[in-house]
Structures are given as structure tokens and as C-alpha cells.
Amino acid sequence: MSRERRKFFRKLEKEHYTILIPDMCPIQIGILARVLAKDGMNLVVVTPKDRGAKDEGLASIHNDACYPALITCGAFVEALKSGKYDLNHTCVLMTQTGGGCRASNYIALYRKAFEKEFPTVPVLSLNFSGLEKDFSLPIGPKRAINLYMAVLYGDFLMNLVNQSRPYYGDEKTNAALEDCLNALDAEIGHLSFLKIKKNYQMILNRFQELEPPEERKPRVAIVGEIFVKYSPYANNHLKDFLVKQGTEVVEPSLNEFLLYCIYNAINDNRLYGSNKGSVGLYCFAYRKALKLTRQANAMLKGTRFNPFEDFEEIPQNATEVISTGVKMGEGWLIPGEMVTFSKHGIKNIVVVQPFGCLPNHIVGKGMIRPVKERYPDENIVPLDFDASSTQVNQENRLKLMLANIQK
Ligand code: SF4
């Protein structure tokens, strides 16, 4: 670690900076914030309530920029203007994928947007690709494991919550979720792979206390661009709407996206001979992550809860319609998920993308036709999101899709 970086992060911890992060996957990010809090960091998840953050985003960033960049920047600006934070001791943290997509460049947009009004607020990066060397959160092996475990537990919880909320409502589902988070709390910060089975079982037992539903509702999968897919603020509370319409929502895990990134690094070596020095490490990480994912899925065998799809099937299925060399945005992952859901009997799919997001229009919306040619029974609707799109229009499109819902 460079001297500058060490000095900067020492100051951050010593002076108890508040670190603002955007609310992407509420459960996973919530656990992640608890992990970093155990390391002495004061993380605050910024959850905008009304359209104020969207307007701030439009005022701070050119409206040609990606909607996720615009909305996260707007949320930060709104929070910084709220007067709740000491601007001399606050910074913002954003994940970077390191891919060729614009997600790698959001940070430069934030810095430009903060330049005049919030010059004292540093913009930090959370990435595993060696970007922003002096301003990225230091991630040693222990922290990396803890953060990854936060994702795994968050995914497991999200899956059970999605399969409970339509049947038991908010109160009972949220109570089960809170109980599990509180039980996990004691271990956060020194999470161990050795205890993962025991903790999964604890979570499962709590959710199994809820009476099994008499009849399953039709399932609707959500696939698409990662931020819009998961962030309730960005997607105008899409999940809540679908649940209210009498469906059960199926979401791919966040870990699936991480596996997709690792798979691409290995694939780049196979296709183009790149990553020569690190491919061994990527292969090891891939095998380990796959094993852990399968462990979680195995826990659900024989219960009323459906596991996530097995990751290895997804690139294989993607090749029915696209090459796995296509990796801009969510690349082959979106068509791979669509085909996998189709094969496993999930007949309704919502494909979400930020308006103007070129890669995901090609691999999301653009792939609906080839998927439907192979799986004509699939009921698939594409949905675009931007800062000025109205919720009513989106809900009308969804209602048209729901009118043809397949069980
Ligand atoms: S996937 Fe789309 S929205 Fe996300 S960074 Fe790339 S272009 Fe922007």
C-alpha cells in the first residue's frame, strides 16, 4: 500500500469519517455495512425517499450519463446537502467493476459533480481490480472474506425473503429477517467458512417457522442491469409492485454477478491470452465460490424453498443465443439467466435496463426475440428506467405482462 494511501485511510479511521454508500441490494449492503462497522468504519447506506435525488442527479450530471450514475450521484448530493453530515469528515464510497463499461468511470463523474459544492468530500472506490490505487478501500484477505461472506448470507436471506413476503406479508417476513440479522451480528467481522452451514441452518429454521403456503403464486423473475435490478429506489419499487399484484419474485443472487466477473477473467485468458499472471488465482476463486454457492443450494434441498440456479448452467445456456465473449454491461449473463429460467419452468421474466444503456439493450432487450424463438411460452417484458420515466407507464407495461401471466 502506498504511503499516501496509508496516511489517507489512517486519517479516515482516526477522525471517524462517515462513509456514504448507495442502497443497491438492501439486505446484502446492510450486512456489508455491519462488516465494515466492525472494522471501525461508520458506513451509512443512503436510501432516497422521493424524487429529490433524481432531480439532484439531473442537475449534477449530464443526462446522457448512465441512469445508475445519475441516480447514485443525486442521492449523494441530496444526502450531503441535508445538513446531517459534517462535510469535513464525510466521504462517499462506490463500487467499481473494472470492466470496459461506464460503471468503471462513475467515480470521475462524482468528483466533477462535487468539485464546487463539496470540495472536502473524497470519493472512494471499492474494487478488486486495482483501480483508484490511492483512493480504494484497502482489502486484505480477512476483509475480502468477510465482505464475500456478507454477500453469501445476504443472498441466502434475500432468497428466503422473496419466497416468504408474498405469503406472510411484510410484518412476519421482516421479523424473521431481523431475527436472522441479529443472530448473525455476533459473528460479523470474524465470519468463518466453517460456520456457514450452521448459520444457513439457523436462517432456514427461522423462516421454516412460518406456515407453508397452501398454494404457490406465479413466479416472475427479474433480470437486467445490476443496479436497476436490485435498487428499489432506482426501479421504482418493482419488487413490491409485483408482490402486490399477486406474484412471487425470483431474483438471481448478487454472488451470481461476482461469479460472472470471475468467469469473464478466466474466459479472457482462454479467448485472448490475457490475465496470464492471475488466471490461477481466478480459477481458485471460481471453484471456491461455486462450492459455497452449491453448499447454500444444497441446504434448501427437500424444503419448500427453491434454491438459486446452479451457476455452471448459466454460461452454457447463454451460448444457445450469444457468445460468452460478450461481456460489456451484464453481457451474456442476462440471456443466460433468461434461458436458464425458461428451462426451469419460470415462465414470466421482467428484463430491466437503464434507458440509453447500450450494452444491456443489446444483451437484454435485444436477446428477448432469440430466447422467445426457442422458448415460445415465455412471457417476457423489457422495462426501461431513467430519471424522468413515470412509474405509471412502467406499471401499465407490467400489468399487460401480468394479464398473460403463466403459472
Ligand atoms: S451497464 Fe449500462 S448503465 Fe451500467 S455502466 Fe454500463 S452503460 Fe452504464
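Which residue of E7 does Ala221 stand opposite? In this predicted model, Ala221 stands opposite Ile349, and that pair offers a way into one of the sheets of the protein chain. Strand E5, made of residues 219-224, and strand E7, made of residues 348-354, run parallel and are joined by five bridges.

These two strands belong to an open sheet of four strands, whose order is E6-E5-E7-E8 and whose pairing is parallel. Because strand E6 (248-250) and strand E8 (379-385) each have a single partner strand, they stand at the edges of the sheet, and one side of each is left without a neighbour there. With direction ignored, neighbouring strands of this sheet are turned against each other by 25° on average. Helix H17, covering residues 391-403, lies across E7 and E8, and it runs at about 175° to E8.

A second open sheet, again of four strands, has the order E2-E1-E3-E4 with parallel pairing. Its edge strands are E2 (42-46) and E4 (123-126), each of which pairs on one side only, and the twist from one strand to the next averages 35°. Within this sheet, strand E1 (residues 18-22) and strand E3 (residues 90-95) run parallel and are joined by three bridges, with Ile19 standing opposite Cys91 in E3. Helix H4 packs on the sheet, where it touches E1, E2 and E3, and its direction makes about 145° with that of E1. Helix H5, formed by residues 106-114, lies across E3 and E4 and runs at about 165° to E4.

From the sheets we can turn to the chain as a whole. The protein chain contains 17 helices and eight strands, and it is divided into domain 1, spanning 3-139, and domain 2, which consists of 216-252 together with 309-403. Taken over C-alpha atoms, the centres of domain 1 and domain 2 are separated by 27 Å. Along the principal axes, the C-alpha atoms of the protein chain fill a box of roughly 55 × 50 × 45 Å. A compact globule of 407 residues would have a radius of gyration near 22 Å, so the 21 Å of the protein chain agrees with that expectation.

How many residues of domain 1 are in contact with domain 2? There are 17 residues of domain 1 in contact with 17 residues of domain 2. On the side of domain 1 that touches domain 2, helix H3 (52-60) and helix H4 (67-81) each supply at least two residues, and H4 gives the most, with four residues. By class, the residues of this side of domain 1 divide into eleven nonpolar, four polar and two charged. Helix H4 thus appears in two settings, packing on the sheet against E1, E2 and E3 and contributing to the side of domain 1 that touches domain 2.

The ligand brings the two domains together in the description. Why does the ligand lie between domain 1 and domain 2? Both domain 1 (3-139) and domain 2 (216-252 + 309-403) give residues to the shell around the ligand, and it therefore lies between them. The residues that surround the ligand are Cys66, Pro68, Cys101, Arg102, Ala103, Glu225, Gly329, Pro354, Cys357, Pro359 and Asn360. Sorted by class, this shell holds seven nonpolar, two polar and two charged residues.

Methods: Residues are numbered from 1 along each chain as its sequence is written. This is a predicted model: local features need pLDDT of at least 70, side-chain atom pairs count only at pLDDT 80 or more; totals for chains, interfaces and linings use all residues. A residue is near a molecule or strand if its C-beta atom, placed from the backbone, lies within 6 Å of it. Ala, Val, Leu, Ile, Met, Phe, Trp, Tyr, Cys and Pro count as nonpolar, Asp, Glu, Lys and Arg as charged, and the others, Gly among them, as polar. Domain bounds come from an automatic or database domain assignment. Two strands pair if DSSP finds at least two bridges between them. Axes are lines fitted to C-alpha atoms, for helices over the stretch in contact, and angles run from 0 to 180 degrees between N-to-C directions. Two residues are in contact if their C-beta atoms, placed from the backbone, lie within 7 Å. The radius of gyration is taken over C-alpha atoms; the globule rule is 2.2 Å times the number of residues to the power 0.38.
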